[in-house]
Amino acid sequence: MRKIVAGNWKMHKDRSEALALVSALGRSPAIAGVEVMVAPAFPFLAMAAELLQGTDIIVAGQNCHHEAKGAYTGEVSAPMLQSVGVKACIVGHSERRQYFAESDEMIGRKVRILLDHGITPIFCCGESRAEREAGSHFKVVTEQMKGALGGLTPEQMEQVVVAYEPVWAIGTGLTATAGQAQEMHAHIRSLLRSHGPNVANVPVLYGGSCKPDNAAELFAGPDVNGGLIGGAALDAEQFKALVRIASES
Ligand code: PGA
């Protein structure tokens, strides 16, 4: 099974800070068996793609618009991302759902336009604290998966990466226990399998306060194929430690 460690820098780092982090990661020797992705903010994607050329590190966007072009002031399209060397893109992050009112339907359109342009969508799903406390977390994640990915062919589904990010764990210092993560990942795996046998091999990443001191336990879950990392991805040493932990798990 593929393993991926992806860094989501969110709205952090200016040009010189982004340059320093990308350079530090680019200089580090590749670690076998783990695909490494970094998602800086839009203004630095082209620079990151150029600096990381010749390395195995993939540059990812954090979002894109669901149309290829048009009168959408302030938006960035999948073909634009493709043209600067972006090979993956986060979609449906809970912060996009919460602050920018992204619906499952819209997220599904983003997934499709990314696939049309050869960009790997990193599709995020996950329940809120209230939904977990109400015991509806499996239902919520099922609906998010069906709402956004339901119309894809098995061949399209095989190109997707899923990230399970319980909203209550993102940036809060609270982490799902290894048991809670594995249980949800197994559920996601069974949803994926229902699209076809090969779709069951889609990587499912864990996200939410994943750090070097809890990653070994989280990544040990048989259905946990790495992580989507926020805070700990902003520091080269912590991020590299996470890649190493993924390679050993
Ligand atoms: P965090 O963010 O690691 O800072 O919790 C993860 C994410 O939002 O992708």
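Here a trainee and a mentor talk through a predicted model, looking at the ligand site and at H195.

Trainee: Which residues are around the ligand, and how many of the shell are charged?

Mentor: The residues around the ligand include N8, K10, H93 and E165. Glycines turn up there too, among them G171, G208, G230 and G231. Sorting the shell by type gives 3 nonpolar and 7 polar residues, and the charged ones number 2.

Trainee: What lies 2.6 Å from an oxygen atom of the ligand?

Mentor: Let's go through some polar contacts. The side chain of N8 has an N or O atom 3.5 Å from a ligand oxygen, and G230 brings a backbone N or O atom to 2.9 Å from a ligand oxygen. The 2.6 Å distance belongs to a polar side-chain atom of H93.

Trainee: And how much of the ligand's exposed area does the protein bury?

Mentor: Start with the ligand taken alone, which exposes 280 Å². Of that area, the protein buries 97%.

Trainee: Over to H195: is this residue buried, partly exposed or exposed?

Mentor: H195 sits in the loop between α9 (178-193) and β7 (204-207). Its relative accessible area is 26%. Buried would need under 20% and exposed over 50%, so H195 counts as partly exposed.

Trainee: Which residues does H195 touch, leaving out those up to four places away in sequence?

Mentor: F100 is 95 residues from H195 along the chain, and their C-alpha atoms are 29 Å apart. With residues up to four places away in sequence set aside, the contacts of H195 are L149, G150, L152, P154 and M157.

Definitions and conventions
Residues numbered from 1 in each chain as written. Predicted model: local features only at pLDDT ≥ 70, side-chain atom pairs only at ≥ 80, totals over all residues. Heavy atoms only, no water. Near = heavy atom within 4 Å. Polar contact = N/O pair within 3.5 Å; in protein donor to acceptor, adjacent residues only side chain to side chain. Areas by Shrake-Rupley, 256 points an atom, 1.4 Å probe, with all protein chains shown as cover. Nonpolar A, V, L, I, M, F, W, Y, C, P; charged D, E, K, R; others polar. Helix = DSSP H or I, 4+ residues; strand = E, 2+ residues; numbered from the N terminus. Buried < 20%, exposed > 50% of the residue type's maximum accessible area, 1.4 Å probe, protein only. Contact = heavy atoms within 4.5 Å.
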